[in-house]
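Open the model in your viewer, switch on a cartoon view and keep the selection box handy. We will go from stop to stop, picking out residues as we go.

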Amino acid sequence: AAGAGIGYLMDRQEAELREQLASERTDHAIELERVREDLLKLTMSNEISFDVDSAAIKPAFKPTMYKLAEVLKKYDRNEITIIGHTDATGPEGYNQQLSERRAVAVRDQLVTLGVPASRLRAFGRGELEPRADNGSEAGRQLNRRVEIMVQTTA
C-alpha cells in the first residue's frame, strides 16, 4: 500500500512539473524523466542556466527556478539532490569545483524561493559522468548540465 501511495504522489508531481515546465521542455532547456516509481530526474541545460565558467544562475532562468520551487514546495515528502556536471575541457580539479558551485547555486536559489534547506543536497561530479563524447562541441554542451533528482519518501 505504501508503494502505491508513493507512486500516486509521484504521478501527481510529475504531471504538475510537466505542465509547469512545458515551455522549458519544448525549448530543450529542461528534460524530465521518470527513473523509477519514486524518482524523477530533471536535467537542466547549462547553456540556458549558466554562462560559461560561471556558477551564477542566469537571470532569464530564474522564472523557471520559481516554477520548479513552487511544485517542490507543494510535495513536502521529497528529498532533492542537485548534481552539477561539466565537460572535460580544463583541469579536472577546476571542473569538479565548478560543478559543485553550480549545484550549490541551484540549491541556494531553491532555498531562497522557499524550498526547505533540510530537503536539499548538492554535489558536483565534475567531468566524471559524461552524457556524450567530449570530442565535439555538441557533446561537451550535453555534458555541461545540472541534474535534480526528486525522490518521494515514505
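Which residues line the second largest pocket? Select Asn46, Val52, Asp53, Thr86, Asp87, Thr89, Gly90, Tyr94, Asn95, Leu98, Arg102 and Arg144, and you have its lining on screen. Please keep in mind throughout that this is a predicted model.

**Stop 1: around the second largest pocket**

Show those residues as sticks. The space they surround has a volume of about 160 Å³. Colour them by class and you should find three nonpolar, five polar and four charged residues. Helix H5, residues 92-112, gives the most to this lining, with four residues.

**Stop 2: along helix H5**

Now select H5 itself. This helix has 21 residues, and from its first C-alpha to its last it reaches 30 Å, close to the 30 Å expected at 1.5 Å a residue. Which of its residues are buried? Highlight Asn95, Leu98, Ser99, Arg102, Ala103, Ala105, Val106, Gln109 and Leu110. Turn the view to look down the axis of H5: the buried residues fall within an arc of 150°, so they line one face of the helix. The general background is that an α-helix has 3.6 residues a turn, so residues three or four places apart point the same way. Asn95, Leu98 and Arg102 are worth a second look, since you have met them already in the lining of the second largest pocket, and here they are again among the buried residues of H5.

**Stop 3: helix H4**

Move to residues 62-74, which make up helix H4. Its 13 residues should span 18 Å at 1.5 Å a residue, and the end C-alpha atoms are 19 Å apart, which agrees. Pick out Thr64, Met65, Leu68, Ala69, Val71 and Leu72, which are buried. Seen down the axis of H4, the buried residues lie within an arc of 165°, so they too line one face of their helix.

**Stop 4: strand E2 and its partners**

Next, select residues 39-45, which form strand E2. Is this strand enclosed or open? Seven of its seven residues are buried, so E2 is largely enclosed by the rest of the structure. In a regular strand the side chains alternate between the two faces of the sheet. You can follow this in E2: Leu39, Lys41, Thr43 and Ser45 point one way, while Leu40, Leu42 and Met44 point the other way.

Now add strand E1, residues 30-36. E1 and E2 run antiparallel and are joined by six bridges, and a hairpin links E1 to E2 through two residues. To see the pairing, select Glu33 with its bridge partner Lys41, then Glu31, which stands opposite Thr43.

E2 also pairs with strand E5, residues 145-152, in the antiparallel sense and over seven bridges. There, Leu42 stands opposite Ile148. Ile148 has a relative accessible area of 0%, which makes it buried. Try a distance from this residue: the C-alpha atoms of Ile148 and Ala132, 16 residues apart along the chain, are separated by 19 Å.

For another distance, label Arg18 and Leu32. They are 14 residues apart in sequence, and their C-alpha atoms are 7.4 Å apart in space. Arg18 lies in helix H1, residues 2-20, and it is partly exposed, with a relative accessible area of 28%.

**Stop 5: the largest pocket**

How much space lies in the largest pocket? The answer is about 190 Å³. Of the 16 residues that line this pocket, select the ones closest to its centre: His28, Glu31, Ser45, Arg131 and Leu142. The lining by class has five nonpolar, five polar and six charged residues. E1, E2, helix H3 (46-49) and helix H6 (137-143) each supply at least two residues of this lining.

**Last stop: His28**

Finish by centring on His28, in the loop between helix H2 (22-26) and E1. Is it buried or exposed? His28 counts as exposed, at 65% relative accessibility. Check its backbone too: phi is near 60°, a positive value in a residue other than glycine.

Conventions. Residues are numbered from 1 along each chain as its sequence is written. This is a predicted model: local features need pLDDT of at least 70, side-chain atom pairs count only at pLDDT 80 or more; totals for chains, interfaces and linings use all residues. Side-chain values use heavy atoms; hydrogens and water are left out. The expected span of a helix is 1.5 Å times one less than its number of residues. Buried means under 20% relative accessible area, exposed over 50%, partly exposed in between (1.4 Å probe, protein chains only). The arc is that of the directions from the helix axis to the C-beta atoms. On a 1 Å grid over the protein atoms alone, a cavity is a set of points where a 1.4 Å probe fits but cannot get out, and a pocket is an open set with protein on both sides within 12 Å along at least five of seven lines; lining residues have an atom within 4 Å of a point. Grid points are joined across faces, edges and corners, and a volume is the space filled by probe spheres set on the points. Ala, Val, Leu, Ile, Met, Phe, Trp, Tyr, Cys and Pro count as nonpolar, Asp, Glu, Lys and Arg as charged, and the others, Gly among them, as polar. Two strands pair if DSSP finds at least two bridges between them.
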